[in-house]
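Grab a coffee and work through these exercises with the model open beside you. Each one has a task, then a solution that takes it a step at a time.

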Amino acid sequence: MNMEKTALVIVDVQKAFADLSWGKRNNPEAEANILKILQAWREQDACVIHIQHQSDNPNSLFFPEKESYGIIEPLQPIGDEPVFAKKVNSAFIGTDLEGFLRLRGLMEIVIVGLTTPHCISTTTRMSGNLGFKTCLVSDATAAFELTGPDGRRYDAEIIHDVTLAALHGEFAEVITTKGLLAKVGGNAPEQEKMANG
C-alpha cells in the first residue's frame, strides 16, 4: 500500500451513536481499532479525512448545535486534517471529497467508521463506483440491530456480516485492522483478509 496515495476516511464517529435509541450494537472494539489505524496514518504523515454527518433537523442527534453532533474525543481531527460535513449517507454527495482526493492524487481509500449498513456501505459503494481502490476495515466499523418491513428484528452481528459480504470483492477489499496494519508497516505479523467481520 502506497501511503502517499492512500487516504484514511473516518466516517461519522460521532457522540450521537452512543444514544440508547439505536438499540443493540455489535463490535464494541470498533473505535479502539479506528484509533490504532489513525495513529498509524499520523505516524507516517499520511492523509486523514474526517466525515461528519450533519442534519438540518433541530430534533436530530446530528444537529450541529447539539453536543451529540461532535466527533468523539479520541478520534477528533488535529492540525490541518480536513473535515467534510455530509447530509446524506454517502460522503461523496454534497461534499468536495472526490475533488479533494483527485486533486492530490489519492486514488486509494481506507474506510472506517459508523455504521456498517448505512453510511459505511453507501460511501464504500460510491468509492468503488468512482474508480477508487477501496479498502474497508471490517472490525473498525459496527452495526446496530434493525427491523425489517415485516417487523422481524435482525441482530446487529448479522447486519454487519451480511453487509461486509455484499461489499467484499465487488466494491472493496474487506480486511481486518491487523491485516491493514501489516500492509502499512504496523505491528501485525501477517495480512489477513476477511469478508465476514
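## Exercise 1: Around valine 137

Valine 137 sits in strand 5. Keep in mind that this is a predicted model.

**Task.** Work out whether valine 137 is buried or exposed, and find out what valine 137 touches beyond residues up to four places away in sequence.

**Solution.**
- Start with accessibility: valine 137 has a relative accessible area of 0%, so it is buried.
- Next, list the contacts. Not counting residues up to four places away in sequence, valine 137 touches Ile37, Val110, Ile111, Val112, Ile175, Thr176, Thr177 and Leu180.
- Now check two C-alpha distances. Isoleucine 10 is 127 residues away along the chain, with its C-alpha 11 Å from that of valine 137. Glycine 179 is 42 residues away in sequence, and there the C-alpha to C-alpha distance is 8.9 Å.
- Finish with that glycine: glycine 179 belongs to helix 5 (residues 177-183) and, at 0% relative accessibility, counts as buried too.

## Exercise 2: Two helices side by side

**Task.** Describe how helix 3 and helix 4 pack, and say which residues make the contact.

**Solution.**
- Two numbers do the job here: packed helices are described by the angle between their axes and the distance between the axes.
- For helix 3 (residues 116-129) and helix 4 (residues 156-167), the angle is about 10° and the axes are 10 Å apart.
- Angles under 35 degrees count as roughly parallel, so helix 3 and helix 4 are roughly parallel to each other.
- On the helix 3 side, the contact is made by Thr116, Pro117, Ser121, Thr124 and Arg125. Helix 4 brings Ile159, His160, Thr163, Leu164, Ala166 and Leu167.
- Sort that contact by class and you get five nonpolar, five polar and one charged residues.
- Now look at which residues of helix 3 are buried: Thr116, Cys119, Ile120, Ser121, Thr123, Thr124 and Ser127. Besides helix 4, these buried residues pack against strand 1, strand 3, strand 4 (108-114) and strand 5.

## Exercise 3: Aromatic pairs

**Task.** The structure holds seven aromatic pairs. Take the pair of phenylalanine 17 and phenylalanine 62, then the pair of phenylalanine 84 and phenylalanine 100, and work out the geometry of each.

**Solution.**
- You need the distance of the ring centres and the angle of the planes.
- Phenylalanine 17 and phenylalanine 62 come out at 5.3 Å centre to centre with 65° between the planes, an edge-to-face pair.
- That pair links distant parts of the chain, 45 residues apart: phenylalanine 17 is in the loop between strand 1 (6-11) and helix 1 (30-43), and phenylalanine 62 is in the loop between strand 2 (47-53) and strand 3 (83-86).
- Both phenylalanine 17 and phenylalanine 62 are buried. They also share one aromatic cluster with Trp22 and Phe144.
- On to phenylalanine 84 and phenylalanine 100: the centres are 5.6 Å apart and the planes are at 75°, so this pair is edge-to-face.
- Here the partners are 16 residues apart, with phenylalanine 84 in strand 3 and phenylalanine 100 in helix 2 (residues 97-103).
- The burial cut-off is under 20% relative accessible area, so phenylalanine 84 at 11% counts as buried, and so does phenylalanine 100 at 16%.
- One last thing to spot: arginine 104 lies over the face of phenylalanine 100, 3.7 Å from the ring centre.

## Exercise 4: Odd backbone angles

**Task.** Which peptide bond is cis going from leucine 114, and what phi values do asparagine 27 and aspartate 45 take?

**Solution.**
- Know the baseline: most residues other than glycine have a negative phi, and most peptide bonds are trans.
- The bond from leucine 114 to threonine 115 is cis, with omega near -15°. Threonine 115 is in the loop between strand 4 and helix 3.
- Asparagine 27 has a positive phi, near 45°. This residue lies in the loop between strand 1 and helix 1, and at 17% relative accessibility it counts as buried.
- Aspartate 45 has a positive phi as well, near 55°. Its place is the loop between helix 1 and strand 2, and at 72% relative accessibility aspartate 45 counts as exposed.
- For a glycine example, go to glycine 131, just after helix 3, where phi is positive at about 95°.

Conventions
Residues numbered from 1 in each chain as written. Predicted model: local features only at pLDDT ≥ 70, side-chain atom pairs only at ≥ 80, totals over all residues. Heavy atoms only, no water. Axes fitted to C-alpha atoms, helices over the stretch in contact; angles between N-to-C directions. Helix = DSSP H or I, 4+ residues; strand = E, 2+ residues; numbered from the N terminus. Parallel < 35°, antiparallel > 145°, perpendicular 65-115°, else oblique. Contact = heavy atoms within 4.5 Å. Nonpolar A, V, L, I, M, F, W, Y, C, P; charged D, E, K, R; others polar. Phe/Tyr/Trp six-rings, centres within 6.5 Å; stacked < 30°, edge-to-face > 60°. Buried < 20%, exposed > 50% of the residue type's maximum accessible area, 1.4 Å probe, protein only. Lys NZ or Arg CZ within 6 Å of the ring centre and 35° of its normal.
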